[in-house]
Amino acid sequence: MTATKSMAASGTSGWRNSVRHAAFWAFALAIWLGCGGASAQDTAGQEAARRAMVLAHSPSDAAKVLFGREVTPKAAQVQAIGAYERGCLSGAVALPADGPNWQVMRPSRNRAWGHPVLIAFVERLAQRLPAEAGWPGLLVGDIAQPRGGPMLTGHGSHQIGLDADIWLTPMPNRRLSPAERDEIAATDVVAADGMDVDPATWTPQHRRLLEAAAREPMVARIFVNAAIKRALCRETGPDRAWMSKIRPWWGHNYHFHIRLSCPSGDAECHRQAPPPPGDGCGRELDWWFTEEVLHPPPSPPAKPLRLADLPRACASLVGAPAGQALQVRGSVQ
Ligand SMILES: [Zn+2]
């Protein structure tokens, strides 16, 4: 059922419907703009409430409904299928909840699944960071669902198992309990006005962490809040070719987002053009601090992706929509 149909069927007054409608779109816009920013912080209870609300307003063949209910990976050839923001993943593996230099956060979401290449990368990076960046270890946020695909809450991308969110909070020197991992807040390193980092929380180790990640050849892009990019532009010396990979984006003040390039053997993975050369510190960065970016006018988000909008091979990874036979055009490759 669509949001409109649902509200037309259940509402008793036009005024109440329009208020609900506006509230829903404001909520959806916040998710879309945040790219997981605001909702990445949500506790387990808040996350469950958001999922229920999105489910209630989504058509049964919405890709996020079908992929969101899969709780195990598809045991098949490893393959990132499609684009970062329109695709799926077969043969996913999970990042273990604990490693020598990492801890998986928000475990109740079941989003620590990824392409084996990404999972191995995160494990390697985590172990190098204490010596290389003075960073004790990674608190790992959302990676992907067991079969990738769109999620009920947060994230336009993270669909093919090659994106990972890393908290801007250093790993504590003890193991957090599962309950703590679902509840504690991450560190916001951006000042309240969004114009720069917050000197009370931003440290030299944050810069070294981002540099260590960006220097990795497998990393295609790293998304951060524009205020973080501004700080890196100011604090980085002349050896700054790695800065081209640091891309400003909405949200990303509590976590940053690592995106790997398509692995060489994954023929179905859509390659993204590399970021433009240069450090990205000039006029293109200034735009991020204009009124239209800091305080954008509300607008309805795009319609949710249907299963048919994803690459055909993705249909074989999920069960049929409720009450329907699975419609697959042509053969599944
Ligand atoms: Zn992300």
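**Group meeting: a walk through the chain**

Okay, let me start with one residue: arginine 106 is buried, because 25 other C-beta atoms lie within 10 Å, and the cut-off for buried is 20 or more. Keep in mind throughout that this is a predicted model. Arginine 106 sits in the loop between β5 (102-104) and β6 (113-114). What is the sign of its phi? Positive, at about 50 degrees, although arginine 106 is not a glycine.

There's another residue like that. Histidine 158 also isn't a glycine, and its phi is positive at about 60 degrees. You'll find histidine 158 in the loop between β7 (138-140) and β8 (163-167). Buried or exposed? Histidine 158 is buried, since it has 29 other C-beta atoms within 10 Å.

Now the overview. The chain has 333 residues, and 40% of them are buried. The secondary structure comes to 11 helices and 11 strands. If you take the contacts with a separation of 6 or more, 76% of them are between residues 24 or more positions apart.

How confident is the prediction? Mean pLDDT for the chain is 86, with 84% of residues reaching 70 or more. Over residues 1-38, though, pLDDT is below 50, and beyond near neighbours in sequence that stretch has 46 contacts in the model. At the other end, residues 327-333 stay under 50 as well, and the model has 10 contacts for them beyond four places in sequence. Where pLDDT is low, the predicted coordinates should not be read in detail, so please don't lean on those contacts.

On to the core. The largest nonpolar core has 70 residues, and the ones with the most contacts inside it are Leu118, Val122, Val140, Leu210 and Ile222. Which helix gives the most to this core? That's α6, residues 116-133, with 8 residues.

So let's stay on α6 for a minute. Its buried residues are Val117, Leu118, Ile119, Phe121, Val122, Leu125, Ala126 and Leu129. Look at leucine 118 in particular: leaving aside neighbours within four places in sequence, leucine 118 is in contact with Ile143, Gly161, Leu162, Ala164 and Leu260.

How about the length of α6? At 1.5 Å a residue, its 18 residues should span 26 Å, and the end C-alpha atoms are 25 Å apart, which agrees. There is a bend of about 30 degrees at glutamine 127, and proline 130 follows within four residues. Right after the helix comes glycine 134, with a positive phi near 65 degrees.

Leucine 118 touches Ala164, and Ala164 belongs to β8, so that's our next stop. Why call β8 largely enclosed by the rest of the structure? Because 5 of its 5 residues are buried. Asp163, Asp165 and Trp167 point one way, Ala164 and Ile166 point the other way, and all are buried. Yes, there are two aspartates in that list, Asp163 and Asp165.

What does β8 pair with? It runs antiparallel to β11, residues 255-260, and 5 bridges join the two strands. Tryptophan 167 has histidine 255 as its bridge partner in β11.

Next, another covered strand, β2, at residues 86-90. Here too, 5 of 5 residues are buried. On one side you have Arg86, Cys88 and Ser90, on the other Gly87 and Leu89, and both faces are covered. β2 is antiparallel to β1, residues 79-83, with 5 bridges between them. The connection from β1 to β2 is a hairpin through 2 residues. Glycine 82 stands opposite glycine 87 in β2, so to speak, glycine facing glycine.

One last spot: alanine 97, in the loop between β3 (93-94) and β4 (98-99). Buried, exposed or something in between? Alanine 97 counts as partly exposed, because it has 16 C-beta neighbours inside 10 Å. Not counting residues up to four places away in sequence, alanine 97 touches Val104 and Pro107. How far is alanine 97 from alanine 112? Their C-alpha atoms are separated by 8.2 Å, and the two alanines are 15 residues apart along the chain.

That's what I had. Over to you.

Notes
Residues numbered from 1 in each chain as written. Predicted model: local features only at pLDDT ≥ 70, side-chain atom pairs only at ≥ 80, totals over all residues. Core = buried A, V, L, I, M, F, W, Y, C linked by C-beta atoms within 7 Å. Buried ≥ 20, exposed ≤ 12 C-beta atoms within 10 Å, placed from the backbone. Contact = placed C-beta atoms within 7 Å. Pairing = 2+ DSSP bridges. Expected span 1.5 Å × (residues − 1). Bend = angle between axes of the 7 residues up to and from the residue. pLDDT = per-residue confidence, 0-100.
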